[in-house]
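Here are my comments on the model you asked me to look through, set out as numbered points. Please read them with the coordinates open beside you.

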Amino acid sequence: MSETNCIFCKILAGEIPSTAVYEDDSFRAILDVNPAARGHVIIITKKHAANIFELPEEDASKIFVVAKKIATAVKKAYNCDGVNIVQNNGEAAGQTVFHVHVHVIPRFQNDTVNIKWKQGDMPEDMEAVAEEIKAYL
């Protein structure tokens with residue numbers, strides 16, 4: 001299943017070139033053409049799903065296994081100090097391509113990659129927040 005206007009579906013179909021580092025029946029991992037750091041990899045699902053909410057549970061669980069495999073290879077290849085594994089859902093969360101994908105980004109002490117947020121204060125009503133979420137599990 002693919003979407004005609006989806007850049008990742010076009011990559012999977014061979015309409016747009018990419019450099020793959022890994023592939024299996026469900027996923028292809030490619031180098032990001034606008035990397036945050038050398039070795040930045042994007043893992044894309046072979047079946048089109050716009051976001052994690054549309055992704056079948058089986059693929060959702062398997063994609064993190066692939067992310068671990070890629071992160072381990074990136075860490076060994078670049079001897080980096082850390083690795084970010086990032087997956088965004090929705091424009092407000094920073095998603096720009098609406099096809100499920102996971103970024104694996106090598107990180108070094110004092111690099112210029114910026115994947116941070118300002119920490120807020122702990123809510124006084126932590127139990128209420130937990131119950132709001134639990135109501136939908």
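The points below take up the sheet, then one residue of an edge strand, and then the largest pocket.

1. The model is a predicted one, and local features are described where pLDDT is at least 70, whereas side-chain atom pairs count only at pLDDT 80 or more.

2. The sheet is open and is built from 5 strands in the order 1-2-3-5-4, with antiparallel pairing. Its edges are formed by strand 1 (20-23) and strand 4 (82-86), each of which pairs on one side only. Averaged over the sheet, and with direction ignored, neighbouring strands are turned by 15° against each other.

3. Strand 1 and strand 2 make up a hairpin, with 3 residues between them. The two run antiparallel and are joined by 3 bridges, and within this pairing Ala20 stands opposite Ile30 in strand 2.

4. On the side of strand 3, strand 2 (residues 27-31) is joined to residues 41-45 by 5 bridges, and these two strands likewise run antiparallel. In this pairing Leu31 stands opposite Val41 in strand 3. As for its surroundings, strand 2 is mostly covered, since 4 of its 5 residues are buried.

5. Is Glu23 buried or exposed, or does it count as partly exposed? This residue lies in strand 1, and its relative accessibility is 43%; because buried means under 20% and exposed over 50%, Glu23 counts as partly exposed. Leaving aside residues up to four places away in sequence, Glu23 touches Arg28 and Lys46. The C-alpha atom of Glu23 is separated by 9.1 Å from that of Ile43, a residue 20 positions apart from it along the chain.

6. The largest pocket has a volume of about 390 Å³. It is lined by 23 residues, of which Phe8, Asp32, Ile42, Val97 and His103 are the closest to its centre. Helix 1 (7-12), strand 2 and strand 5 (101-107) each contribute at least two residues to this lining, so that strand 2, described above as mostly covered, also has a part in the wall of the largest pocket.

7. What is the make-up of the lining of the largest pocket by class? The lining holds 13 nonpolar residues, 9 polar residues and 1 charged residue. When the pocket is inspected in the model, Phe8, Asp32, Ile42, Val97 and His103 offer a place to begin, as they are the lining residues closest to its centre.

Note on methods. Residues are numbered from 1 along each chain as its sequence is written. Side-chain values use heavy atoms; hydrogens and water are left out. Two strands pair if DSSP finds at least two bridges between them. Axes are lines fitted to C-alpha atoms, for helices over the stretch in contact, and angles run from 0 to 180 degrees between N-to-C directions. Buried means under 20% relative accessible area, exposed over 50%, partly exposed in between (1.4 Å probe, protein chains only). On a 1 Å grid over the protein atoms alone, a cavity is a set of points where a 1.4 Å probe fits but cannot get out, and a pocket is an open set with protein on both sides within 12 Å along at least five of seven lines; lining residues have an atom within 4 Å of a point. Grid points are joined across faces, edges and corners, and a volume is the space filled by probe spheres set on the points. Ala, Val, Leu, Ile, Met, Phe, Trp, Tyr, Cys and Pro count as nonpolar, Asp, Glu, Lys and Arg as charged, and the others, Gly among them, as polar. Contact means heavy atoms within 4.5 Å.
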